[in-house]
Amino acid sequence: MEQLFNLYKQWAGTEPAHVSKIPGAGSNRAYYRIKGKDGRSVIGVIGTSRDENHAFLYLANHFNAKRLPVPKVLAVSEDQLRYLQSDLGEVSLFDAIAGGRNAGGRYNVHEKELLKRTIRELPNIQIRGARGLDFSQCYPQPEFDVNSVLFDLNYFKYCFLKATDLDFHELKLEANFHLFAKELTAEKADAFLYRDFQARNVMLDAEGNPYFIDFQGGRKGPYYYDLASFLWQASAKYPHKLRRELVYEYYESLKNFMEVPSERHFVDRLSQFVLFRTLQVLGAYGFRGYFEQKKHFIESIPPAIQNLRELLKLDCFPYPYMMDMLKRLTEMPRFACIEQPAMNRSDGYKTTDKNIYKAHPQDGPATFSKFDGKGPLVVRVYSFSYRKGIPQDDSGNGGGYVFDCRSTHNPGRYEPYKQLTGLDEPVIRFLEDDGEILTFLDSVYRLADAHVNRYIQRGFTSLMFCFGCTGGQHRSVYSAQHLAEHIHEKFGIEVHVEHREQHISQTFPANSGM
C-alpha cells in the first residue's frame, strides 16, 4: 500500500485525501479508489503478477492510441506491480441492469438499450483493436489454440464432470474433445479475444456509454467467443428474444469493421462457441463450488445446466458420444430442476446421507392412485380481490394454492399507480425496485416448481394457483402473471392465467412434444 501511495504522490504531487478499497471479484489484484484534495479520483491497482500487469498496460496503451473506450494508464511503478488508471466511475453494466436480472430476465427498455450499446461496441475493440497489436505481449498466451481448448475441456471433465459421479467412457469422450477443439480452431482468427467479456467488466459513464476494463487475459482469437461468453452468462438470465436481438445488433455492428460470414455460417459457428463456453464455465463452477465451497458458484450451476439443456435441443453438434454424455448429465436427478429443494448445498449437489435411495425420473411415483397417468397437466393461475372471494376451482379436484400478497408494499396507495395494474411497466418497476414481491415470489416458485414437477411425473391433469390482494389490481396481478410465465417457460406445459377483477385472461399453449 505504501508503495502505491508513493506512486500517487509522485504523479499528483500531493498526498491522497481519501482511499477506499474496491470490492474484488475473482482476481488476485487489489483495486483502490484514491481521491485527491481537489476531488479528482483515480484507481490504484496492486497486482501479484508482473506479466499479467504488463499485458494490461500494453493493451490499455494500445487501445487508447486507437481511441477505444478503455481506462487510461496514468502512472506505473518501475517493477510494474502497481499502477494508476483513470476512474471510470462506480456504475457497472452489471449494476445498471440488476432490475431485469433480479426480475428473472424481465429487462426494461432502458436496460435493453444499455445492453445493445455495449454489444454494438464490442466489435470495435475486437476488430479495430486487433490492428497493429503485438499479440506476443498477451498473457498467459498469445493465441487461442487447440491446446487452450483442450485445457478448458479437461478442466470441465476433472473439476465438474467427475464430481457428479456420472459414468462415461473417458477415451471416447477424449476423442470427441479433440474433434471439438479442431473445429473451434479451424477458421483463421485475427480478432482480439477479450476472454472475460461480461457485464461486471463494463463501466458506464453518465450518458450510459460503455467502457471496457479487465481485458488483461485477452489474446488473438475468434470473435464468437466473447459474444457467447456475454450472452450465455448463466446468471444474467437473458430471455431468448433478447439474446436474438443482441446477436443481430452484434452482427450488424460487425459489418462496420470487416466482411462478415453468411448469417447461417455465423449462427452455426456461434453455437459451437456457446457449447464450449458453457462447458468451460461449468468447469470453473465445479472447481470454485465443489472444491472451494464458494456459495455463489454452487448457486450458478443450475442455470448453467439449464443453458446446456436448451443448447442440446439444437441437435446440430457432430460429436455423438459427447452429446449423449451431456444429455445424460442434464437428466441426472440432481439437475432435474433449477431449484433442488432437498439439496445439500454444502455437499456440492450430492444427495444427503439420509437419502439412501437416489431417485430417478424413470422410477415413477412412490405412491399410486386412480388419477395417475391421465395427463397432460394444465395449470390455472388467478389474481383476485379478497373482497370478492377466492376463485372457484372448476376442475372438481379442489386442489392448489392460495397466496396472500397483502404483506408486500402496495403501489395502489400512491396516486401515479391507482389507474394502472400489475401488468403495466411503472407498477412492475415499483414492485421490483422495492424488492418485497421478489422475495415473496422466490418462495412461491420453489413450492410451485416441486408441485408441478411431481404432478407431471404422476400424470395429473389440473393444478390451480391463486394470488389475492386488496383490490386484485397490482400485487396479485403481478404475481399471477409472473408465476404463469415462469411455469410455462420452465416446464413447457399449458398454462391459463386469469386476472379476474381486470377481466384479462391469457393462455400459454403447451410446447410441441409435451
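**Close-up views of a predicted model**

**View 1. The lining of the second largest cavity.** Phe 94, Ile 97, Arg 101, Ala 199, Gln 233, Ser 235, Ala 236 and Tyr 238 line the second largest cavity. The structure shown is a predicted model. A search of the whole structure finds two cavities of 30 Å³ or more, and the second largest has a volume of about 40 Å³. By class, its lining comprises five nonpolar residues, two polar residues and one charged residue. The charged member is Arg 101, while Gln 233 and Ser 235 are the polar ones.

**View 2. A positive phi angle at Lys 237.** Lys 237 has a phi value near 55 degrees, which is positive although the residue is not glycine. Lys 237 lies in the loop that runs between helix 8 (224-231) and helix 9 (240-254).

**View 3. A cis peptide bond before Pro 140.** The peptide bond joining Tyr 139 and Pro 140 is cis, with omega at about 5 degrees. Pro 140 is found in the loop between helix 5 (109-128) and helix 6.

**View 4. The packing of helix 6 against helix 12.** Helix 6 (residues 146-161) and helix 12 (residues 320-330) have axes that come within 14 Å and cross at roughly 30 degrees. Because angles under 35 degrees count as roughly parallel, the two helices are described as roughly parallel to each other. Their crossing is left-handed. Helix 6 contributes Phe 156, Phe 160 and Leu 161 to the contact, and helix 12 contributes Met 325, Leu 326 and Leu 329. The contact contains six nonpolar residues, with no polar and no charged residues.

**View 5. The packing of helix 13 against helix 15.** The axes of helix 13 (residues 425-434) and helix 15 (residues 475-491) are 11 Å apart, and the helices pack at an angle of about 85 degrees. Since angles from 65 to 115 degrees count as roughly perpendicular, helix 13 and helix 15 are roughly perpendicular to each other. On the side of helix 13, the contact is made by Ile 428, Leu 431 and Glu 432; on the side of helix 15, it is made by Arg 475, Tyr 478 and His 482. These residues divide into three nonpolar, one polar and two charged. The charged residues are Glu 432 of helix 13 and Arg 475 of helix 15, and the polar residue is His 482 of helix 15.

How values were computed: Residues numbered from 1 in each chain as written. Predicted model: local features only at pLDDT ≥ 70, side-chain atom pairs only at ≥ 80, totals over all residues. Heavy atoms only, no water. Axes fitted to C-alpha atoms, helices over the stretch in contact; angles between N-to-C directions. Helix = DSSP H or I, 4+ residues; strand = E, 2+ residues; numbered from the N terminus. Parallel < 35°, antiparallel > 145°, perpendicular 65-115°, else oblique. Left-handed = near helix turned anticlockwise from the far one by under 90°. Contact = heavy atoms within 4.5 Å. 1 Å grid on protein atoms, 1.4 Å probe; cavity = no way out; pocket = protein on both sides within 12 Å on 5 of 7 lines; lining within 4 Å. Points joined across faces, edges and corners; volume = space filled by probe spheres on them.
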